[in-house]
Structure formats: C-alpha cells, structure tokens
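Here is a short round of questions on one structure. Look at the model, then read on.

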Amino acid sequence: MEQRYQRVASLAEVPEGELRAFDLALGRVAVVHVEQEIFALADECPHDLGSLSEGELDANEDAVVCPGDGSAFDLHTGEPLDGPAVDPVTVFAVRVHDEWIEIGPPADVPV
Ligand code: FES
C-alpha cells in the first residue's frame, strides 16, 4: 500500500543545523536538518512534555536535547540516550521531493 506523505515545508524553511515545529494532523512534529539529512520526531518529550523543537542538537548532531530536563533522543530511532526520559519519542518517515519536506507515518524502528 502506498504510504501517505504530507508536504510540510520547503527545505529553506528548516536551515542546516536548525529545528522547527509544524502542526500536522498527526500532531506537532519537530523537524530537524542535519548535514543534508532531515529527521522528524514527535514534538513532545515523553518525560514531561517538553518541546523538542525548542531544544538543541547534541555535540555530535545525532540527537536532540530536550529543553526541559536535558534528555537526549537519537534522531534516527527516537530512543533516549541520556537524561531522565526512559521512553522513546516517535520518529516519522521523511522524504524530500523537489526541495519540499514531506512527512509520512511513524517509521518502523527495528528493536
Ligand atoms: S521534559 Fe524532556 S527531559 Fe523532562
């Protein structure tokens, strides 16, 4: 079955190294642009509902750090790498078409 993707923003709206939040039908999503890769995560920290889009990237730029209590979540899997959070954050499938960022369903993450 063809998965449905929703166009959310142009690439220019999420500059390299930046995080932005977008309100979609599936909820508020934090979109992250790192080294020409785009990631999309639920914009709600599972620890205490911090807004991940208001956080920042960690030093290696492979995780987002929650502004609430500092939990770090892997951009690829959503798994907590550090901090008080124990549950993962949902990661969504993302693709870029003609300079547009499109977000799909929650990504299947191998356990
Ligand atoms: S709200 Fe994100 S670590 Fe507490």
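Q: Which residue in strand 6 does Leu-57 stand opposite?
A: This is a predicted model. Strand 5 and strand 6 (residues 63-65) run antiparallel and are joined by two bridges. Across this pairing, the residue opposite Leu-57 is Val-64.

Q: Which strands stand at the edges of the open sheet?
A: Four strands form the sheet, with antiparallel pairing, in the order 5-6-7-8. An edge strand has a single partner, so one of its sides is left without a neighbour in the sheet. That describes strand 5 (56-57) and strand 8 (80-82).

Q: Is Glu-102 buried or exposed?
A: Glu-102 lies in strand 10 (residues 100-106). Its relative accessible area is 7%. Buried means under 20%. Glu-102 is therefore buried.

Q: With which side chain does the side chain of Glu-102 make a polar contact?
A: Beyond its neighbours within four places in sequence, Glu-102 is in contact with residues including Tyr-5, Arg-7, Arg-95 and His-97. The polar contact spans 2.8 Å between side chains. The partner of Glu-102 is Arg-95.

Q: Which strand supplies the largest share of the largest nonpolar core?
A: This core has 28 residues, and Val-31, Val-32, Phe-73, Leu-75 and Ile-103 have the most contacts inside it. Strands that each supply at least two of its residues include strand 1 (6-10), strand 3 (27-34) and strand 9 (91-97). The largest share is five residues, and it comes from strand 4.

Key
Residues numbered from 1 in each chain as written. Predicted model: local features only at pLDDT ≥ 70, side-chain atom pairs only at ≥ 80, totals over all residues. Heavy atoms only, no water. Pairing = 2+ DSSP bridges. Buried < 20%, exposed > 50% of the residue type's maximum accessible area, 1.4 Å probe, protein only. Polar contact = N/O pair within 3.5 Å; in protein donor to acceptor, adjacent residues only side chain to side chain. Contact = heavy atoms within 4.5 Å. Core = buried A, V, L, I, M, F, W, Y, C linked by side-chain atoms within 4.5 Å.
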